[in-house]
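Open the structure in a viewer with the sequence panel alongside. The stops below are meant to be selected in turn.

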Amino acid sequence: MCGIVGYVGKKEKKEILVDGLRELEYRGYDSAGIAIIDSRGLHSYKAVGKLVNLEEKSKEFSSKEFGVAIGHTRWATHGKPNELNAHPHLGKNSFVVHNGIIENYTILKDELKLEGFEFLSQTDTEVIVHLFEKNTINSLNKFEAFKSTISLLEGAYATLLITNDEPDSIFFAKNGSPMLIGFNGDDIYFASSDTAIIGKATSVYYLEDGEYGYAKDGKVTLFNSDGEQEFRTKPLSSNKLSAQKDGYRFFMEKEIYEQASVVSDTMMGRVLDETIKFEEIDDNFFNDINCIKICACGTSYHSALVSSYLFERVAKIRCEVEIASEFRYKEPLLTKDTLFITISQSGETADTLEALKMAKKAGLKSLAICNVDNSSIVRESDISLLTRAGVEKGVASTKAFATQTLLLWMLVLYTAERKDTISKDSLKDEIEALRKCSNALKVDNWLHDKIHRLSKRYLHGHGFFFIGRDIFFPLALEGALKLKEISYLHAEGYPAGEMKHGPIALADSELFTVALMPKNLLFDKIKSNVEELSARDTTILAISPEEFELADDYIKTRCSSHVMLEFFEMMVVTQLLALEISIRLGNDVDMPRNLAKSVTVE
Ligand code: M6R
């Protein structure tokens, strides 16, 4: 996803921009650019691909006098990844960088074109710089022109603008996309994430939505809809690792909280008003495909299982899921009408990679769902859809699972639309639910507090059953895996209906049952299964929007308008439960014993 860096001051500017952008590289990008205004005038460099290409192009350039500078790494949403579409975008003598999506850009662009403005790129961003230059004609000063410009923008943006008409200022605005301002003496920095300015700025202000202003003369003037605002900076640690935790105790905790925002990145440019769009997929890609096979390991395997219910139910396409290490040695029968999907957070998991190679050898089309661009699995696949979760540091996967599952749900809808198995109205309802996902993933303070308090009762016993039905069965598997990985307590996930076929033999007062009881899916059925366990004296922790009288502990969930929203909300509860139990047991949550983040051996 896109990254932004900005700087006002006397230090060498190219280095500050490129160093900062390098820290944001992990988010993925396909082109990069910088623009600098100093006493010698305007300078700009852009390059497709990695930052080394930009460095190569600008290797003769440096700017050590006072000046203003903005830089950007672009992840293509509107228009192809080429130099013309790379930021910064130039007007006559101003440059802009932007993260987010300007939803009304086509209307604005058409108006500007009628007035004679020439557009060089296919991006939504370019309207900002032309609009600004148009507004300078009738505005009192350049900042007023910037203010009028942002008042016309609809959608999400974090943007920086510099102009040769006022070469000592950076104009900034934030709405929906992250942006912060760093300070160190007279030097002022901007960035879309603090990692870009750690070691340079000593204090930081994280902008709120609706804030805008300018940096000039070593000072920032800030406004919101109520006028000029005072603001307080926070110290910025110079230690990358602790600063990156943003005040959370563990990366895993931070990553659980981040889920509500990263899903917007997963959906950006893909979930449109009435349809799902994947620029990565060719229109004919699904021709001749009658069946889907998914291979993955661990948590990624669980997201695959969730999607297999959805592919068959919604897209009416046969879908089989296999653990990659099993698939490799079973001499599988593969037919060419099968689309082979791999799912992997790291893109380097040896078993998944080898399974993919086998499928390719058998002539199957392949599609990877992955969080790491240019990883081995991405490079090996015909097509890859990136989950855009950002780097996941906790060994126990959380936001990778959320984004994989979300992306698979989107892919199911995309397939259903192409196969004509979903009505326009149902698709609209699904898209409405997708847009509510971020809300379902938000961690409320009361919820986290409650789980923290409950967790002290779950530190003993001989084990945990996580039970659920349908898509809540893979969630039960995932909930149990999370707990196992970081608490070292024994936990298993089961389809709730399987209890009486064996597992119930373990039920006694020393067994804990975590029951996933959604309102929208087989509530009465799972209720009966939980009653059977309760009758054997196990401690029941029920997670549900519906009160359940036999529960020893009850966590009430909010979402019930769509089953996937229930799914995501319950997923957060299981993640927090594992986290809190593990912390109470004094374990290293981020680096659990015996586990590695990327399993590159068989
Ligand atoms: O990188 P991958 O998604 O391919 O990794 C697969 C598993 O190793 C991984 O999901 C593992 O199960 C995690 N530790 C789960 O928290």
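The tour goes from strands to aromatic rings, then to charges, cysteines and two single residues.

This is a predicted model, in which local features need pLDDT of at least 70, side-chain atom pairs count only at pLDDT 80 or more, and totals for chains, interfaces and linings use all residues. Residues are numbered from 1 along each chain as its sequence is written, and side-chain values use heavy atoms, with hydrogens and water left out.

**Stop 1: strand β21 and its partners**

Select residues 463-468, which make up strand β21. Helices (H or I, at least four residues) and strands (E, at least two) are DSSP runs, numbered from the N terminus. Six of the six residues of β21 are buried, where buried means under 20% relative accessible area, exposed over 50%, and partly exposed in between (1.4 Å probe, protein chains only). Gly 463, Phe 465 and Ile 467 lie on one side, with Phe 464, Phe 466 and Gly 468 on the other, and both faces are covered.

Add residues 511-516, strand β23, which pairs with β21 in the parallel sense over five bridges. Two strands count as paired if DSSP finds at least two bridges between them. Then add strand β22 (residues 491-495), which runs parallel to β21 and is joined to it by five bridges. Phe 465 serves as a reference point: its bridge partner in β23 is Thr 513, and in β22 it stands opposite Glu 492.

Now show helix α16 (residues 472-487), which with β21 and β22 makes a right-handed β-α-β unit. Right-handed here means that, with the strands pointing away from the viewer, the path from the first strand over the helix to the second runs clockwise.

**Stop 2: the seven-stranded sheet**

Move to the open sheet with the order β5-β6-β7-β8-β12-β13-β14, where the pairing is antiparallel. Which strands stand at the edges? They are β5 (89-90) and β14; each has a single partner strand, so one side of each is left without a neighbour in the sheet. At the β5 end, two bridges pair β5 with strand β6 (residues 94-102) in the antiparallel sense. Leu 90 has Phe 95 as its bridge partner in β6.

**Stop 3: aromatic rings**

Next, colour the aromatic residues; the structure holds 26 aromatic pairs. Rings of Phe, Tyr and Trp (its six-membered ring) pair if their centres lie within 6.5 Å, and planes under 30 degrees apart count as stacked, over 60 as edge-to-face and the rest as tilted.

Tyr 205 and Phe 231 form a tilted pair, 5.0 Å centre to centre with 50 degrees between the planes. The two are 26 residues apart and link distant parts of the chain: Tyr 205 is in strand β11 (residues 203-206), and Phe 231 is in the loop between β14 (227-229) and β15 (234-235). Tyr 205 is buried at a relative accessible area of 11%, whereas Phe 231 is partly exposed at 25%.

For an edge-to-face case, select Phe 278 and Tyr 414, with ring centres 5.3 Å apart and planes at 65 degrees. Phe 278 sits in the loop between α7 (251-267) and β16 (291-296), and Tyr 414 in helix α12 (residues 399-418), 136 residues apart. Both rings belong to buried residues, with relative accessibility of 3% for Phe 278 and 2% for Tyr 414.

To finish with the rings, show Phe 132, Phe 143, Phe 146, Phe 171, Tyr 212, Tyr 214 and Phe 223, which form one aromatic cluster.

**Stop 4: charges over rings**

A charge sits over a ring if NZ of Lys or CZ of Arg is within 6 Å of the ring centre and within 35 degrees of the ring normal. Select Lys 365, which lies over the face of Phe 285 at 5.0 Å from the ring centre. Then select Arg 593, whose charged end is over the ring of Tyr 488, 3.8 Å from its centre.

**Stop 5: cysteines**

How many disulfides does the structure hold? It holds zero, a disulfide being a pair of cysteine sulfur atoms within 2.5 Å. For Cys 319, the nearest cysteine sulfur is that of Cys 291, 7.7 Å away. Cys 319 is buried, with a relative accessible area of 8%.

**Stop 6: two buried residues**

Lys 293 is in strand β16 and is buried at 5% relative accessible area. Leaving aside neighbours within four places in sequence, its contacts (heavy atoms within 4.5 Å) include Glu 320, Glu 322 and Phe 327. Asp 273 is 20 residues from Lys 293 in sequence and 29 Å away in space, C-alpha to C-alpha.

End at Ser 455 in helix α15 (residues 445-455), which is buried at 0%. Beyond its neighbours within four places in sequence, Ser 455 is in contact with Glu 580, Ile 581 and Arg 584.
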